[in-house]
Amino acid sequence: MRRYSILSLLFVLASWFAQASSHREAPLIANDPLADNTDVYAFRSPDKQNTITIIANYIPAELPQGGPNYNTFGENIRYEIHIDNDASKPGDEIVYRFTFKRVNEDPTTFFNIRLGKQNLKTTYTMERSIDGGKTFQVVLSDGYVPPNNIGPRSIGSGVGLNSSYADLMRKGIMNSSSGEAVFCGPVDDPFFVDLGGIFDLGNSPRQGGQKIRDGVGMTNVHSIAIQIPIAILLKAGAPAQPRNILDADYVIGVWASASRRTLRTLKVDGSAPAEDGEWIQVSRLGMPLTNEAVIPIGMKDYWNALTPYEELADVTLDNNFYNPELALYMDDSRFGGAVPAFKKLRIQRKSLGSFDFGFGRDGLFGLKGNAALAGTALDDAVFGTLLLPGPGKARSVDLWPIFHTGVPNLAPYQLATGKNGNPLAVGKPFIHNFLPNGGDMLRLNMAVPVTSRSLASFSSLGLVQAAVLGLTDPEYNSNTELQVIPNMDGFPNGRRLEDDVTRIELQAVSGVVLAAVGLWYDDFKAGGSPVTPHLLNVLTYTTGVEKNDKEFQSVFPYLAAPWSGTEVN
């Protein structure tokens with residue numbers, strides 16, 4: 001048998017470039033969908049509040065009717081979930097690794113499922129490392145992966161699997177020897193966004209009466225979901241019970257990745273290629289939409305080449321957070337008129353009469369060295385120049401830490417409630433997920449109580465809604481005490497399945513976080529209400545797609561069942 005051995009271009013370049021992320025958002029990883037992260041979620045489990053649920057999704061925009069070769073987890077790929085719980089140590093503390101195996105039970109048919117047998121039947125091995133990836137221990141073997149939801153004859157009839165899909169999903173919930181509940185399998189894509197509008201030069205919500213559409217509606221992804229006891233995730237030395245609802249020892253950072261071998265040998269007889277060589281990361285994801293809507297297209301592959309820890313030390317990409325392109329379209333003195341869909345989103349150019357957060361402006365840097373910064377997070381004696389590094393870095397105090405370090409429970413990062421007009425004063429605490437030793441990760445404070453999904457106050461606006469309640473609701477705005485405010489457990493403090501991250505991030509680019517801490521919009525007048533028309537415009541902005549196309553489950557893995565190939569439009 002002749003064999004031609006090649007070093008695949010994809011894998012050669014991957015060692016430098018192809019560590020990508022959500023929904024085909026970087027050029028190189030778009031050619032390798034089985035290894036492409038789409039989204040990461042991390043939240044305190046609503047029905048088992050002593051656990052954290054982490055979800056990493058892969059394979060973007062799966063068509064439910066995409067036979068005969070349906071999407072599934074890839075072989076020769078290491079899928080990993082990384083957890084950082086200690087800012088005093090570099091890198092991860094805990095890593096979960098998944099590898100998958102596929103078999104054809106009846107290769108004589110072109111059907112995926114027939115007479116109780118399944119082709120592309122997939123199982124997995126789960127390993128765990130508690131020393132940052134140096135060593136791994138197998139904690140679950142022969143894990144069951146439910147099949148794709150092909151249709152009612154394949155799943156429910158006697159000539160198929162003779163089962164309900166709900167039963168197959170329940171069968172897919174496994175228990176590891178180390179105490180985690182695990183699910184791996186196809187699900188409805190829980191992300192919701194009008195992709196067509198967003199990428200049509202920011203036409204979201206669509207103008208001129210165009211129909212708004214969830215761009216990932218009625219599509220599936222493959223999900224790895226783990227429900228982990230909080231006790232397992234705590235850093236060494238942390239108390240078994242949190243000291244308060246913002247305990248700094250309860251902060252974790254979460255990101256996901258996929259890795260492949262560097263060498264692929266293709267065979268002329270059509271049999272499976274041989275894989276060899278060292279493992280290199282070809283995909284990674286933490287915060288949603290970072291590479292998609294913050295990093296410019298010419299730098300997307302470079303961004304993907306960095307781990308979160310390398311990224312924090314790299315200065316090449318920082319200006320995209322200090323001065324994001326999207327902010328240009330939220331400023332009438334720049335290109336605001338060019339994107340009419342964003343007309344409600346306008347950044348502060350003269351907050352409190354003097355602070356300019358426009359593109360390339362100084363933001364709060366004019367206060368550098370001022371005694372008023374003493375003891376705040378912007379004081380060089382507290383975090384050095386981390387959050388106020390220099391002139392011309394307008395958004396170093398809000399967008400950069402949201403994506404790179406998390407936010408500390410220190411002034412000015414407290415609600416304007418009780419500040420009496422001084423944004424640098426101590427206000428009402430509402431967030432602490434500060435973990436400054438890595439870059440782009442989801443950061444979650446595990447001590448924050450769960451907001452019940454059944455409450456009228458539950459909101460897909462996450463921390464934005466918590467800030468609104470903390471500023472306006474008499475139950476919370478009459479004092480500066482630490483209180484449980486609904487939705488403090490929402491994005492960007494972790495990410496719940498229900499959180500409308502596209503809307504929240506666009507509101508953040510337009511300065512809503514600055515306003516929450518007392519750097520009000522330009523139409524604020526001294527002595528008047530900070531709830532100005534500009535602020536109301538930002539809070540009422542919507543892309544038009546505000547929830548998922550399917551209801552989520554109330555129990556683990558919480559994700560909705562995948563769409564069937566016979567029910568989609």
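L168 counts as buried because its relative accessibility is 6%, below the 20% limit for that class. The residue sits in helix α3, which spans residues 165-171. The model described here is predicted. The points below cover the surroundings of L168, the nonpolar cores, the empty spaces, helix α14 and the salt bridges.

**Around L168**

- Leaving out residues up to four places away in sequence, L168 touches Y144, P146, P147, I155, L161 and S163.
- L168 is separated from D36 by 132 residues in sequence, and their C-alpha atoms are 25 Å apart in space.

**Nonpolar cores**

- In soluble globular proteins, nonpolar side chains tend to be buried together.
- In this model the largest nonpolar core contains 137 residues, and F98, Y124 and I224 have the most contacts inside it.
- Strand β3, residues 51-62, supplies the largest share of this core, with 6 residues.
- A second, separate core has 5 residues, among them W255, Y309, L435 and M441.
- Which residues does Y124 contact, leaving aside its neighbours within four places in sequence? They are F98, T99, F100, L140, S141, D142, G143, Y144, V145, M174, V182 and C184.
- Y144 is thus listed among the contacts of Y124 and also among those of L168.

**Cavities**

- Rolling a probe the size of a water molecule over the atoms shows where empty space is left.
- The structure has 3 cavities of 30 Å³ or more.
- The volume of the largest cavity is about 70 Å³.
- The largest cavity is lined by 13 residues, of which T72, Q118, L120, P147 and N148 are the closest to its centre.
- P147, one of these lining residues, is also touched by L168.
- Sorted by class, the lining of the largest cavity comprises 5 nonpolar and 8 polar residues, with no charged residues.

**The second largest pocket**

- The second largest pocket holds about 660 Å³ of space.
- Its lining is made up of 43 residues, and those closest to the centre are A467, V512, V513, A516 and V517.
- Five helices are named as giving two or more residues to this lining: α12 (399-404), α13 (462-472), α14 (501-509), α15 (512-516) and α16 (533-540).
- Which element gives the largest share of the lining of the second largest pocket? It is α13, with 6 residues.
- By class, the lining of this pocket has 31 nonpolar, 9 polar and 3 charged residues.

**Helix α14**

- Helix α14, which contributes to the lining of the second largest pocket, has 9 of its 9 residues buried, so it is largely enclosed by the rest of the structure.
- The buried residues of α14 are V501, T502, R503, I504, E505, L506, Q507, A508 and V509.
- The cover over these buried residues includes α4 (195-199), α10 (325-328), α12, α13, α15 and α16.
- Of these covering helices, α12, α13, α15 and α16 also give residues to the lining of the second largest pocket.
- G511, just after α14, has a positive phi of about 95°.

**Salt bridges**

- The whole structure contains 23 salt bridges.
- One of them joins R260 to D32, with 2.8 Å between the closest N and O atoms.
- This pair links distant parts of the chain, 228 residues apart: R260 is in strand β13 (residues 251-267), and D32 is in the loop between α1 (9-14) and β2 (37-44).
- Both R260 and D32 are buried.
- K121 and E105 also form a salt bridge through their side chains, at 3.3 Å from N to O.
- K121 belongs to strand β8 (residues 121-129) and E105 to the loop between β5 (94-103) and β6 (113-114), and the two are 16 residues apart.
- Are K121 and E105 buried or partly exposed? K121 counts as partly exposed because its relative accessibility is 27%, and E105 counts as partly exposed because its relative accessibility is 31%.
- In another salt bridge, the side chains of R395 and D398 meet at 2.8 Å, N to O.
- R395 and D398 are both buried.
- K235, R243, D247 and D249 are joined into one network by salt bridges that share partners.

Key:
Residues numbered from 1 in each chain as written. Predicted model: local features only at pLDDT ≥ 70, side-chain atom pairs only at ≥ 80, totals over all residues. Heavy atoms only, no water. Core = buried A, V, L, I, M, F, W, Y, C linked by side-chain atoms within 4.5 Å. Buried < 20%, exposed > 50% of the residue type's maximum accessible area, 1.4 Å probe, protein only. Helix = DSSP H or I, 4+ residues; strand = E, 2+ residues; numbered from the N terminus. Contact = heavy atoms within 4.5 Å. 1 Å grid on protein atoms, 1.4 Å probe; cavity = no way out; pocket = protein on both sides within 12 Å on 5 of 7 lines; lining within 4 Å. Points joined across faces, edges and corners; volume = space filled by probe spheres on them. Nonpolar A, V, L, I, M, F, W, Y, C, P; charged D, E, K, R; others polar. Salt bridge = Lys/Arg side-chain N within 4 Å of Asp/Glu carboxyl O.
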